[in-house]
Amino acid sequence: MNIKTITMPNGCRYMGEDNSLLSKLPINGKFILNKTVTGCGGTSLFLNSDIPVVIISPRLHALKDKFEQHPGCFLFHTPYTGKAKRAEEIMRLMSNLKAYIDAYGANPFFQNTVPPKVLVTLDSSGKVLDVLKSCRVTDKFLYVVDEFQCLMGDAAFKGNTDMNFLIRIDSEVERICYLSATPIPDLFLDEVPQFKGIPYIKLEWDPAVLEEPNIREIQMKKGESAEKLCSQIIQDFRANGYFARKMVNGQMVYSTEVCIFLNEVRSIRNIITNNGLRPEEVTILCSENKASELPSGFKPGGLCTDRSNPVNTPFTFCTKASFEGVDFYSTNAITYVFINAGKEWQTLDIMLDIPQILGRQRLDINPFRHDATVYYKTKPGCLSQDEFRAQQQMMEQESEKFIDDFNNASPAMKERLIKLVRDKADDKKFVDDYVDVFQVNGQATLGINQLVKVAKWNQWHQRSHYYTNSCQLTASIRSAVKMNVKPQEVKDFEAWYYSAPEKDRLKGYSDFRNSCPQYDGIILQNPFIDQRYHEWYGVLGYQQLAGLDFDTAKVEAEYANRCSQAPIMQECQREFSIGSLYTKPEVKQTLQHIYDSLGLVGKTAKATDITQYLNVRERMITNSDGKRIEVYEIMP
């Protein structure tokens with residue numbers, strides 16, 4: 001593709017901070033805008049602009065977030081209330097939208113100076129287009145299709161809706177921005193007619209403003225499942241009072257909130273039921289039509305939208321079809337992702353979904369916002385490329401033959417064929433061909449669903465390249481979020497640490513800290529490294545750890561002994577002055593007083609004990625009687 005790059009100003013973290021960005025975009029035509037990073041304010045750039053805008057999102061939660069942040073917008077949405085009632089509600093919404101548009105310039109007697117902004121889901125976008133068309137203002141708006149990579153991700157289960165959307169918006173609208181931080185791969189874009197050949201704009205950011213995700217990948221063992229592992233996470237939280245901890249600027253910080261991304265609502269239901277979670281402990285992001293599958297008393301939604309004073313439940317569960325574009329505001333939430341190569345349409349797209357998930361945490365004050373654990377399962381047995389290509393060629397030939405027969409059929413037969421395709425059971429669609437029912441100029445007709453065809457190729461690509469081998473999967477995860485911010489030495493060490501045997505980790509950790517002290521700040525902020533290692537290294541130092549052969553049992557015992565001495569050391573520092581001389585009887589007497597004051601019953605002081613608590617030097621001096629005596633000099 002012909003890709004044009006726009007370099008963002010140094011120090012710029014949000015698109016809205018570049019006042020000239022909109023003037024660099026071809027907003028009077030159709031184009032793809034690759035933000036390249038999530039959470040950079042792409043949607044807000046258009047909502048805060050002086051351009052009339054329709055934001056079209058595949059995810060309702062994302063639109064609700066934007067509506068909370070921009071209350072002057074019009075949110076075109078009504079909860080599902082049954083078919084008859086819903087039709088009435090949609091008509092009311094369309095009437096209200098027309099009044100809203102009239103207030104913003106269509107009616108010369110009633111005008112508002114601020115351009116109109118409309119928020120609508122992809123499924124309801126046709127109704128909004130109908131209203132704008134009736135108001136004769138269709139071409140005055142820029143249509144921003146947010147998170148447009150979802151079109152391909154959703155195609156396996158709602159390809160008809162998505163393809164009909166693309167056909168209509170492409171044919172009726174002149175100004176479209178397909179917006180995403182993880183666009184559909186270049187490999188597939190030209191296969192979808194509506195994307196073929198349109199300008200592709202890519203943003204490049206100052207590396208200094210980027211932070212690389214800190215990802216720990218763990219392959220699930222035989223018998224392990226997302227539900228079992230989540231139960232362990234919950235048990236550990238109840239026992240410890242936190243999900244993770246790490247050192248930041250010399251202070252220990254704790255994560256008491258967690259976001260867990262799972263394949264399906266059934267898993268969320270089982271986790272809640274098996275662990276006795278209460279509604280007040282849980283936030284659930286899933287599609288509204290899945291609400292009936294949740295346990296009694298639980299409902300989807302309720303995510304905090306107050307970025308200034310976020311108050312969240314300890315557990316937030318998200319399904320694959322709900323997280324894109326949603327802003328998570330938390331001061332300490334950490335992330336868990338479960339990749340399970342189960343049903344094809346539930347398989348996470350590594351290149352599209354993983355970067356989206358890792359970019360959900362929006363608050364910079366959250367020290368865990370870039371920390372995530374990815375649990376995965378691989379599933380061998382994918383068709384070879386030759387087998388899959390042959391299968392697809394047969395489906396494409398069958399599709400073209402079906403369409404030829406349709407085009408040559410009588411009007412009555414065309415109606416019968418359309419009904420045949422429309423009534424086909426969901427599990428029978430796109431099995432033998434890619435024929436689908438489309439609305440063209442208000443009339444139903446048959447065509448080839450290119451979006452589903454591309455999605456099928458992408459699914460095969462995901463499974464064959466990533467899900468059949470754990471090494472390929474982890475490499476692809478790192479590739480998908482690669483920002484080249486973290487030093488390569490640190491990346492190499494962390495990759496080694498996550499996969500190293502337990503018996504080798506302390507030595508490898510200590511060797512790295514000793515040889516690369518310049519990276520201490522990064523290492524100390526990694527919550528996936530055993531926090532005991534930080535404490536042991538800080539108190540005992542490399543030489544003493546090496547002297548203990550990096551044996552964790554010996555090290556733990558020595559550390560405990562040293563920690564038990566800490567109160568004594570503090571009292572000694574208070575009682576003995578640096579540079580002063582003390583006789584052995586004086587040292588013994590003072591130490592015994594310290595032991596007694598600390599309640600160390602039965603501990604008898606010896607003058608030589610002082611060498612455990614302070615840096616001292618033995619000396620011989622002459623006292624006032626002219627006798628030579630031994631003393632301890634307290635050294636710095």
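Two strands pair if DSSP finds at least two bridges between them. Keep that in mind for the first view of this predicted model.

**View 1. Strand β12 sits beside β14 and is mostly covered.** Let's start with β12, which spans residues 257-262. Five bridges join β12 to β14 (residues 315-319), and the two strands run parallel. To find one of these partnerships, look for L262, whose bridge partner in β14 is T319. Six of the six residues of β12 are buried. Both faces are covered: E257, C259 and F261 are buried on one side, and V258, I260 and L262 on the other.

**View 2. Helix α17 has other helices covering its buried residues.** This helix runs over residues 502-515, 14 residues in total. From its first C-alpha to its last, α17 reaches 21 Å, close to the 20 Å expected at 1.5 Å a residue. Buried here are R505, L506, G508, Y509, S510, F512 and R513. The cover over them includes α16 (488-499), α18 (520-524), α19 (531-547) and α20 (552-575).

**View 3. Ring pairs link aromatic residues into a cluster.** Take your time tracing this one: the members are F493, W496, Y497, Y498, Y509, F512, Y519, F528, Y533, W536 and Y537. While you are at Y497, look for R505, which lies over the face of that ring at 4.8 Å from its centre. Another charge over a ring can be found at F406, where the charged end of K414 sits 5.4 Å from the ring centre.

**View 4. F141 and Y143 form a tilted pair.** The structure holds 27 aromatic pairs. In this one, the ring centres are 6.4 Å apart and the planes meet at 50°, so the pair counts as tilted. Both partners are tucked away: F141 is buried at 3% relative accessibility, and Y143 is buried at 1%.

**View 5. F148 is a buried loop residue.** You will find F148 in the loop between β6 (142-146) and α6 (150-153). Its relative accessible area is 0%, so F148 is buried. Leaving aside residues up to four places away in sequence, F148 touches I32, Y178, L179, S180, P183, I184, L189 and F195.

**View 6. C135 has no cysteine partner close enough for a bond.** Why is there no bond between C135 and C73? The sulfur of C73 is the closest cysteine sulfur to that of C135, but the two are 17 Å apart, too far for a bond, because a disulfide needs sulfur atoms within 2.5 Å. C135 itself counts as buried, at 14% relative accessibility. The disulfide count comes to zero.

Key
Residues numbered from 1 in each chain as written. Predicted model: local features only at pLDDT ≥ 70, side-chain atom pairs only at ≥ 80, totals over all residues. Heavy atoms only, no water. Helix = DSSP H or I, 4+ residues; strand = E, 2+ residues; numbered from the N terminus. Expected span 1.5 Å × (residues − 1). Buried < 20%, exposed > 50% of the residue type's maximum accessible area, 1.4 Å probe, protein only. Contact = heavy atoms within 4.5 Å. Phe/Tyr/Trp six-rings, centres within 6.5 Å; stacked < 30°, edge-to-face > 60°. Lys NZ or Arg CZ within 6 Å of the ring centre and 35° of its normal.
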